[in-house]
Amino acid sequence: IDHKMKSVLKFKRPKTFNNSKKAKLIIATNKIQKKNYIYKQLIFPITSESAMKKIQSSNTLTFLVEPKNNKNSLKRIVEKLFKVNSVKINTLITMNGKKKAFVKLAPEFDALDVANKIGFI
């Protein structure tokens, strides 16, 4: 008995796209989200020993922030929340995929006073 091996050279891709159903009613939460937008961008201040050393020596605050933020938006957010002027903002993405922001304050503002006002010293 001779059996022919059936071989097909076409690759059939599995279906992975799930088209989710859209909500019929749009809930008016956009206004609430826009109000709280600023507070969600700075996740929390970093209070490690190296961050405290930066506060005392170089007048710099360290925050963990949302990864999608850029330096200009971070500058506006810090100025609006803490009523301080920032000279320079450095950012880095950690190995965990989280983003740190180092906010160097203007000389007329003291980072220790701002840290006391925030409440992490």
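Four strands make up an open sheet in this model, ordered E1-E2-E4-E3 and paired in the antiparallel sense. The model is a predicted one, so please read what follows as a description of computed coordinates.

## The sheet and its strands

At the edges of the sheet are strand E1 (42–45) and strand E3 (86–93), and each of them has a pairing partner on one side only. On average, with direction ignored, neighbouring strands are turned by 30 degrees against each other.

E2 and E4 are joined by six bridges in the antiparallel sense. Within this part of the sheet, Leu61 has Val103 of E4 standing opposite. E3 and E4 are also antiparallel, here over seven bridges, and Ile93 is matched with Lys99 of E4 as its bridge partner. These two strands, E3 and E4, form a hairpin with five residues between them. Gly97 belongs to the turn and has a positive phi of about 90 degrees.

## Helices around the sheet

Taking the protein from its N terminus, the order of elements is α-β-α-β-α-β-β-α, which gives four helices and four strands. Helix H2 (residues 49–58) packs on the sheet, where it touches E2 and E4. The direction of H2 makes about 145 degrees with that of E2. Helix H4, for its part, lies across E1, E2 and E4 and runs at about 40 degrees to E2.

Contacts across the chain are well represented too: of those between residues at least 6 apart in sequence, 53% join residues at least 24 apart.

## The nonpolar core

In soluble globular proteins, nonpolar side chains tend to be buried together. Here, the largest nonpolar core contains 19 residues. Those with the most contacts inside this core are Leu42, Leu61, Phe63, Phe82 and Leu105. At least two core residues come from each of strand E2 (60–65), helix H3 (71–82), strand E4 (99–105) and helix H4 (111–118). The greatest contribution is that of H3, with four residues. Over the whole protein of 121 residues, buried residues make up 26%.

What does Phe63 touch, leaving aside residues up to four places away in sequence? The partners are Leu42, Phe44, Pro45, Ile46, Phe82, Lys99, Lys100, Ala101, Val103 and Ile118.

One of these partners, Phe82, brings us to the aromatic rings. The count of aromatic pairs comes to one. The ring centres of Phe63 and Phe82 are 5.7 Å apart and their planes are at 10 degrees, so this pair is stacked. Phe63 belongs to strand E2 and Phe82 to helix H3, so the pair links parts of the chain that are distant, 19 residues apart.

Another residue of strand E2 is Thr62. Not counting residues up to four places away, Thr62 touches Pro45, Ile46, Ala51, Lys54, Ala101 and Phe102. Two residues in that list, Lys54 and Phe102, also meet each other: the charged end of Lys54 sits over the ring of Phe102, 5.3 Å from the ring centre.

## Burial and exposure, residue by residue

Is Lys68 buried or exposed? Its relative accessibility is 83%, so Lys68 counts as exposed. The table sets this residue beside others discussed in this report.

| Residue | Relative accessibility | Class |
|---|---|---|
| Phe63 | 2% | buried |
| Thr62 | 4% | buried |
| Phe82 | 14% | buried |
| Asn59 | 15% | buried |
| Lys83 | 61% | exposed |
| Lys68 | 83% | exposed |

## Residues in the loops

Lys68 lies in the loop between E2 and H3. The C-alpha atom of Lys68 is 8.9 Å from that of Gln41, a residue 27 places away along the chain.

Two other loop residues are worth a look for their backbone. Most residues other than glycine have a negative phi. Asn59, in the loop between H2 and E2, has a positive phi near 60 degrees. Lys83, in the loop between H3 and E3, is not a glycine either, and its phi is positive at about 55 degrees. The surroundings of these two residues contrast: Asn59 is buried, with a relative accessible area of 15%, whereas Lys83 is exposed at 61%.

Methods:
Residues are numbered from 1 along each chain as its sequence is written. This is a predicted model: local features need pLDDT of at least 70, side-chain atom pairs count only at pLDDT 80 or more; totals for chains, interfaces and linings use all residues. Side-chain values use heavy atoms; hydrogens and water are left out. A nonpolar core is a set of buried Ala, Val, Leu, Ile, Met, Phe, Trp, Tyr and Cys residues joined through side-chain atoms within 4.5 Å. Buried means under 20% relative accessible area, exposed over 50%, partly exposed in between (1.4 Å probe, protein chains only). Contact means heavy atoms within 4.5 Å. Two strands pair if DSSP finds at least two bridges between them. Axes are lines fitted to C-alpha atoms, for helices over the stretch in contact, and angles run from 0 to 180 degrees between N-to-C directions. Rings of Phe, Tyr and Trp (its six-membered ring) pair if their centres lie within 6.5 Å; planes under 30 degrees apart count as stacked, over 60 as edge-to-face and the rest as tilted. A charge sits over a ring if NZ of Lys or CZ of Arg is within 6 Å of the ring centre and within 35 degrees of the ring normal.
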